[in-house]
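The following exercises concern strand pairing and helix packing. Please work through each task before reading its solution.

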Amino acid sequence: MNLAILGFGTVGTGVFNLVKQVSRLTEELHVKHILIRKNKKAAIPEMTADYDKILNDPEVDVVVEVLGGLEPAHQYILAALRHHKHVITANKAVIACYLQEFTQTAAENGVKFYFESSVGGGTPWISEIERAARIDDVNQIQGIFNGTSNFILDRMKKSGAAFGEVLAEAQELGYAEADPSADIDGWDIANKLCISCDIAYDCFVVPTKDLPVFGIRNITAADITAFAREGYTVKLMGKSHQEGNKFDYVVEPTLYQSNTFEANTHENYNLISLHGQTIGDLRFIGQGAGQLPTANAIIQDILDIYQSRNHLERNFKRQLTFQANLTKSNYLLRAVFNCQQIFANYAPIQQGDYLLIHQIPVGLMHSLMKKIQAKDPQAWMVNLPVAEVSKVQAKQLSFS
């Protein structure tokens, strides 16, 4: 089976090297082309800057897209599918926006479009959610979807260092990009949660700026210390619930007690879970980022095609309505001005440096937070799970 790799950065190099490390199955794989930028000099014979050469090569069976970004990745993927080549990608941004189009185009041309590596890195999340959805109604998804943000939060708690210091460390280690906005503002998780909902609910969810997404850019070492003193750990979570013909979707920091799975997911690991009506809760943990874990998942998809192992087919025609306020929750809010009047209908109680807000619809909380940040750009909030509120009230925690 002949492969063409689009892009030769961290992940593309990883795929190339894994194919070269011949095993019983990968000995049947061969990288014939590697697409590079037009202004880049070819360092090895496989490299080319001519995409048409790849498209028109009848010996190329699979195109592996690891360019990242929306364009030209979107057009390159469509062109490969229309030239009857299977496509595998780790590009969650382009999948989140165009999965329905890619799926339809692949079906029309009798080829496969697989994307295991796009969510969870080396964690087999997509394949397992497909397995669950074959026979079950998956009605809840939640998890630590982003290894970079998890590394930052974990290292801040362990070291007591400031956010900026730990972010710089993550960049040095290769966990964070030079522009880390997608990771720390929650949009990388937003893309991955959309893809997960697509498969779980068979309903195409498009990532837009209107979705309730809030990140960790404004978290401080003082926040981490205050929560840790009371036995809590902060995690940046993606969460979705489905009830009847409605579903919700949110990305936000959330507090977990020290004895939970989430609190004990360290470094750059992911922990993602689903709930099905018959299977109950299933959790999956693994490295969510990095060259080899992601490349490993790409090779798994290639071998599935080689072995004619089909994935779950989705047409995304299920009629579900996004409802931002489907669920309610509790929040701790930090701001430089008094916000009690804004949340007067939700029993606000001052807890040290934070305002505890009770049972407010999730979408409404995110909407109000945007208005608060317009007055205080450094304001920050964190979700406090329902079960924890009574404990906070009983102990009269100060969070200061």
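Angles between axes under 35 degrees count as roughly parallel, and those over 145 as roughly antiparallel. The model examined here is predicted.

**Exercise 1.** Determine how helices H3 and H4 are oriented relative to each other, and which residues form their contact.

*Solution.*
Step 1. Two packed helices are described by the angle between their axes and the distance between the axes. For H3 (residues 73-82) and H4 (residues 92-108), the angle is about 15 degrees and the axes lie 10 Å apart.
Step 2. An angle under 35 degrees counts as roughly parallel; H3 and H4 are therefore roughly parallel to each other.
Step 3. The crossing in which H3 passes H4 is right-handed.
Step 4. On H3, the contact is made by Ala73, His74, Ile77, Leu78, Leu81 and Arg82. H4 contributes Val94, Tyr98, Glu101, Phe102, Thr105 and Ala106.
Step 5. Sorted by class, the contact of H3 with H4 comprises eight nonpolar, two polar and two charged residues.

**Exercise 2.** Establish which strands pair with S11, in what sense, and why S11 is described as largely enclosed.

*Solution.*
Step 1. S7 (residues 138-144) pairs with S11 in the antiparallel sense, over six bridges. In this pairing, Val138 stands opposite Gly276 of S11.
Step 2. S12 (residues 280-287) also pairs with S11 in the antiparallel sense, over eight bridges. Here His275 stands opposite Asp281 of S12.
Step 3. The connection from S11 to S12 is a hairpin through three residues.
Step 4. S11 spans residues 269-276, and six of its eight residues are buried, so the strand is largely enclosed by the rest of the structure.

Note on methods:
Residues are numbered from 1 along each chain as its sequence is written. This is a predicted model: local features need pLDDT of at least 70, side-chain atom pairs count only at pLDDT 80 or more; totals for chains, interfaces and linings use all residues. Side-chain values use heavy atoms; hydrogens and water are left out. Buried means under 20% relative accessible area, exposed over 50%, partly exposed in between (1.4 Å probe, protein chains only). Helices (H or I, at least four residues) and strands (E, at least two) are DSSP runs, numbered from the N terminus. Two strands pair if DSSP finds at least two bridges between them. Axes are lines fitted to C-alpha atoms, for helices over the stretch in contact, and angles run from 0 to 180 degrees between N-to-C directions. Angles under 35 degrees count as roughly parallel, over 145 as roughly antiparallel, 65 to 115 as roughly perpendicular and the rest as oblique. A crossing is left-handed if the near helix is turned anticlockwise from the far one by less than a right angle, and right-handed if clockwise. Contact means heavy atoms within 4.5 Å. Ala, Val, Leu, Ile, Met, Phe, Trp, Tyr, Cys and Pro count as nonpolar, Asp, Glu, Lys and Arg as charged, and the others, Gly among them, as polar.
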